[in-house]
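Visitor: I would like to know how the labels given to residues in a model are justified. Please show me the model, and I will ask about them one by one.

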Amino acid sequence: MRWSQLHKIAISLPLAVLAALALIAINESGYQRSHRALQTMAHNQAAHSSVNRLLQSMLDAETGHRGYLLTEDERYLQPYEVAVSTVNSNLDELRTLLAESPEDMADFAQLSRQISRKLSEMELSLQLYRQGNEDAWKFVMFSDVGKENMDAIRRYGRALLERNTQRVVSSQVEVQRSLHLSRLGIATVTAIGLLAFYMYLRQTNALQRATEREQEVLEHERARLEGLVRERTASLSALANHLQQVREDERGYLARELHDELGALLTAAKLDVARLKSRLDTQAPEVLERLRHLSETLNGVIALKRRIIEDLRPSSLSNLGLTAALEILTREFAERAGLEVQTNLETVELSDATQLTVYRMVQESLTNIGKYAHAHKVLVTVHNHPQHVAVQIRDDGQGFDLSGIGRTSHGLAGMRQRVEAAGGRLTVSSTPGEGTLVSAILPTPDSSGDTPRRRASDLTV
Ligand SMILES: Nc1ncnc2c1ncn2[C@@H]1O[C@H](COP(=O)(O)OP(=O)(O)OP(=O)(O)O)[C@@H](O)[C@H]1O
Ligand SMILES: [Mg+2]
């Protein structure tokens, strides 16, 4: 993943988180402002009601007072007395409510002074009335002082009411503003959130496309490397086949040279020895003994030469065929290694090159058994099947771990190389302590119409 893509992906997430935080902040601040404004409104409405109650009490008191004085009816006194008794508690309540505003407190002081004056005036006229001093209570009652008092009470009350109303209105405005702000903020933040989400989707898409492209490039590179490996393997395999062929040719050449040149020389030497022997004086037994020894040595060398030639190029194979050549090979091996070797060899139709492959495979397997297996019994089988020939060499030796084959070991690898070059398939199975089975299947020449390599892949065993 490129840095720029990571960088882009990294932007949308903080943006979304920021939008969410902003949303919470806007909401919280809107709530706080509205809450404060509502509290102020409630406070002012309480003050408003309190002022109204006070004015109403004063009005009731004045009406009751006048009614009583003018009609002498005691019933009028009751509203007066109720109103007078509540005025003080009303004033206390109002003082508490207005305490925070110096402006209101100034009006309240005036209002409260006017109220106490009015109450004193009503109280005085009532006393004079009860004392029967008619001129005096009438003077007090009908003088302008009482009216001025009431006017002043109304004025200060109204002033307080108006200020309260103003505050309620401005609180309402504040609530509306904060609602408006919240609405705007939520809309903006939602838009930012949607933008962040859109960016995130786009970036995720881009990232996915980039990953796919990278995947494609990797896939391409892998295919290229696989092609390269296949090519190299094919050329190495061709080279190995060539080397095998060259080796076989060399061995053939050496066998011929040994047979023709060395064989001729050794035969000549043997004839010379025989001639010398016949002409020698029989009185020289020591010389005769030497010549006899020389003749034996020459016989030994000739036998050795034959073995070497046979090993280099099995003449039994070309002269007697695969089955007989394998019989000889296994018999000689059994004698040499002192093992019990059983065979089950069917006559098979294979090309000369494939026959040599089978021969070399059995030869190398037997050599390995002799070197490593510590076996008691060996079984070599060659079976004909409709489309292929199966060759198996099984021993009951100590077996080995296939994964532990060293780099310097080439026998099994060479075997596989030969079998595959002949279009066949080789399998080696072995478990330590349980013996070894080397098995090959090779296509018969008449399962033809295709290359040997292709045919091998079609075979089922
Ligand atoms: N029949 C067997 N029983 C036990 N071990 C075996 C047998 N055949 C092969 N091995 C083990 O597998 C190894 C590889 O065998 P391979 O024929 O490939 O190489 P090599 O015999 O060690 O050397 P080279 O054949 O090149 O001279 C051997 O070293 C041996 O340890
Ligand atoms: Mg070997």
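Guide: What follows is a set of questions and answers on this predicted model.

Visitor: Why is Asn368 called buried?

Guide: Buried means under 20% relative accessible area. Asn368 has 16% relative accessibility, so Asn368 counts as buried.

Visitor: Why is Glu364 called partly exposed?

Guide: The label partly exposed applies between the limits of 20% and 50%. Glu364 has 24% relative accessibility and therefore counts as partly exposed.

Visitor: What makes Glu364 and Asn368 donors of the magnesium ion?

Guide: For this metal a donor is an N, O or S atom within 2.8 Å. OE of Glu364 and OD1 of Asn368 lie 2.1 to 2.2 Å from the magnesium ion, ligand 2, so both qualify.

Visitor: Why are Glu364 and Asn368 separated by about one helical turn?

Guide: Because they are four residues apart in helix α9.

Visitor: What makes the pairing of Asn368 with ligand 1 a polar contact?

Guide: The cut-off for a pair of N or O atoms is 3.5 Å. An N or O atom in the side chain of Asn368 is 2.8 Å from an oxygen atom of ligand 1, so the pair counts. By that cut-off, a polar side-chain atom of Ser409 qualifies at 3.1 Å from a ligand 1 oxygen, and a backbone N or O atom of Gly411 qualifies at 3.2 Å from a ligand 1 oxygen. On its own, ligand 1 has 600 Å² of accessible area, and the protein covers 79% of it.

Visitor: Which elements give two or more residues to the shell around ligand 1?

Guide: These are α9 (352-373) and α10 (411-421). Six residues, the largest share of the shell, come from α9. By type, the shell divides into six nonpolar, six polar and three charged residues. Among the residues that come nearest to ligand 1 are Tyr372, His410 and Leu412.

Visitor: Which residues of α10 are buried, and what do they pack against?

Guide: Leu412, Gly414, Met415, Gln417, Arg418 and Val419 are buried in α10. The buried residues of this helix pack against α5 (144-279), α9, β4 (425-430) and β5 (436-443). Gly423 follows α10 and has a positive phi, near 85 degrees.

Visitor: Is Glu121, in helix α3 (residues 102-131), buried or exposed?

Guide: At 11% relative accessibility, Glu121 is under the 20% limit and so counts as buried. Leaving aside neighbours within four places in sequence, Glu121 is in contact with Val140, Val145, Gly146 and Asn149.

Technical notes
Residues numbered from 1 in each chain as written. Chains lettered and ligands numbered in written order. Predicted model: local features only at pLDDT ≥ 70, side-chain atom pairs only at ≥ 80, totals over all residues. Heavy atoms only, no water. Near = heavy atom within 4 Å. Polar contact = N/O pair within 3.5 Å; in protein donor to acceptor, adjacent residues only side chain to side chain. Areas by Shrake-Rupley, 256 points an atom, 1.4 Å probe, with all protein chains shown as cover. Nonpolar A, V, L, I, M, F, W, Y, C, P; charged D, E, K, R; others polar. Donors = N, O, S within 2.8 Å, 3.2 Å for Na, K, Ca; no water. Buried < 20%, exposed > 50% of the residue type's maximum accessible area, 1.4 Å probe, protein only. Contact = heavy atoms within 4.5 Å.
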